[in-house]
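This report goes through one protein model, part by part. Keep the sequence and the 3D view open while reading.

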Amino acid sequence: MTPRSGLAVLAVLAVVGLAACAPEDKATSGATTPPAADACSKDKLALKAPGTFSVATDKPAYEPWFSANDPANGKGYESAVTYAVAKKLGFETAEVKWQTVQFNAAFAPGPKKFDLDVNQVSISEDRRKAVDFSTGYYDVRQTVITTDGSKIANAKSIADLADAKLGAQVGTTSYTALRDVIKPKQKPGVYDSNDLAVQALKNKQLDGIVVDLPTGFYMTAAQLDNGKIVGQLPGGGQAEQFGFVLEKGSQLTACVSKAVDALRSDGTLTQLQDQFLTSEGAPELS
């Protein structure tokens, strides 16, 4: 994906709804003991910079999670949720300050310069060894995409993908799903970015790409000529979730989780998903 205005894509996204859910942690993922009410008051939060809510994400900041490569504009699902969490914690919009942190660096071991990072990071037990996670703010399914006329364009099952050359971005849950759920006969293509995977698909070096569903909708609508969603991978039992990343042992973790849980309970997460994300009923692969 690359920086973009988002106007064309949002027009596509606006006509569809949201479906999310896949194999990993539940809505309580990353949950900690609920903090006392006043422990999460703004003046008691352990911040990296006093009076500032320091938030990190990667650059470019991709749609539909952000808009126009500008995380500070409050548009796009992750930007909007971040500002909603900040508001729950007592911060004004101007008190939220953004910084750039590479995807893999966000959950690498060691001290962090941010209070939290938001960048479609899937909650996993392995990553929890190095960082804290909030409870999940988005449930997501993994999806296979291709182009019309490809050998997998009409696939209806996982078995139909067995002989395909498939690819995914390195270090992602999408790659794990490709390896462990599809289990293709050919060695998967591994790419440093989704942009490179898309280029490989365009060059017919791949038959398809595994990505999360919202990213799949963006790619097929904006990055690929005649792009097509083949289908969603089986969800299994638990849902894979995106969570805010915090420094290991952060005193903010419980308060951020409390804010996320409140946004889930009051319907804000659903409303923002309806506004910024999409699911037009991509078929389920059996």
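Strand β8 contributes three residues to the lining of the largest pocket, the most of any element. The model is a predicted one, and the space in this pocket comes to about 520 Å³. A total of 28 residues line the pocket, and those closest to its centre are Y62, F103, Q169, T172 and N194. Four elements give two or more residues to the lining: α3 (103-106), α5 (173-182), β8 (208-212) and β10 (240-247). Sorted by class, the lining holds 14 polar, eight nonpolar and six charged residues.

**The protein as a whole**

The chain has 286 residues, and 55% of them count as buried. Its secondary structure consists of nine helices and 10 strands. The accessible surface is about 12,200 Å², and carbon and sulfur atoms account for 51% of this area. How do contacts in the protein divide by distance along the sequence? Taking contacts between residues at least 6 apart in sequence, 76% join residues at least 24 apart.

**Helix α7**

Helix α7 spans residues 213-223 and is mostly covered, with nine of its 11 residues buried. The buried residues of α7 are L213, P214, T215, G216, F217, Y218, M219, T220 and Q223. At the start of this helix, the backbone nitrogen of T215 has a side-chain oxygen of D212 within 2.9 Å.

**Polar contacts between side chains**

Two residues, one in a helix and one in a strand, serve as examples here. T173 belongs to helix α5. Its relative accessibility is 12%, so T173 counts as buried. Q142 belongs to strand β5, which covers residues 142-147. Is Q142 buried or exposed? Q142 is buried, because its relative accessible area is 3%, and buried means under 20%. The table gives the polar contacts that the side chains of T173 and Q142 make with other side chains.

| Residue | Partner | Distance |
|---|---|---|
| T173 | S122 | 3.0 Å |
| Q142 | S174 | 2.5 Å |
| Q142 | E240 | 2.8 Å |

Q142 therefore appears with two partners, S174 and E240, while being a buried residue with a relative accessible area of 3%.

**Helix α2 and residue V85**

V85 is part of helix α2, which runs over residues 77-88. With a relative accessibility of 0%, V85 counts as buried. Which residues does V85 touch, leaving aside those up to four places away in sequence? They are F244, V256, A259, V260 and L263. Another residue that can be set beside V85 is K258: the two are 173 residues apart in sequence, yet their C-alpha atoms are 9.2 Å apart in space.

**The loop between β1 and α2**

The loop that runs from β1 (53-57) to α2 contains P60. The peptide bond joining K59 and P60 is cis, with omega at about 5°. A68 is placed in the loop between β1 and α2 too, and N69 also has its place there. What is the sign of phi at A68? A68 has a positive phi, about 55°, although A68 is not a glycine. N69, which is not a glycine either, has a positive phi of about 55°. A68 has a relative accessible area of 40%, so it is partly exposed.

**Strand β9 and residue G227**

G227 lies in strand β9, made up of residues 227-232. Its relative accessible area is 22%, and for this reason G227 is partly exposed. Where residues up to four places away in sequence are not counted, G227 touches T146, T147 and T220. One of these, T220, is among the buried residues of α7. The C-alpha atoms of G227 and T146 are separated by 5.9 Å, although the two residues are 81 apart along the chain.

Technical notes. Residues are numbered from 1 along each chain as its sequence is written. This is a predicted model: local features need pLDDT of at least 70, side-chain atom pairs count only at pLDDT 80 or more; totals for chains, interfaces and linings use all residues. Side-chain values use heavy atoms; hydrogens and water are left out. Buried means under 20% relative accessible area, exposed over 50%, partly exposed in between (1.4 Å probe, protein chains only). Contact means heavy atoms within 4.5 Å. Accessible areas come from the Shrake-Rupley method with a 1.4 Å probe; for residues, only the protein chains shown count as cover. A polar contact is a pair of N or O atoms within 3.5 Å; within protein, one must be able to donate a hydrogen and the other to accept it, and residues adjacent in sequence count only if both atoms are side-chain atoms. On a 1 Å grid over the protein atoms alone, a cavity is a set of points where a 1.4 Å probe fits but cannot get out, and a pocket is an open set with protein on both sides within 12 Å along at least five of seven lines; lining residues have an atom within 4 Å of a point. Grid points are joined across faces, edges and corners, and a volume is the space filled by probe spheres set on the points. Ala, Val, Leu, Ile, Met, Phe, Trp, Tyr, Cys and Pro count as nonpolar, Asp, Glu, Lys and Arg as charged, and the others, Gly among them, as polar.
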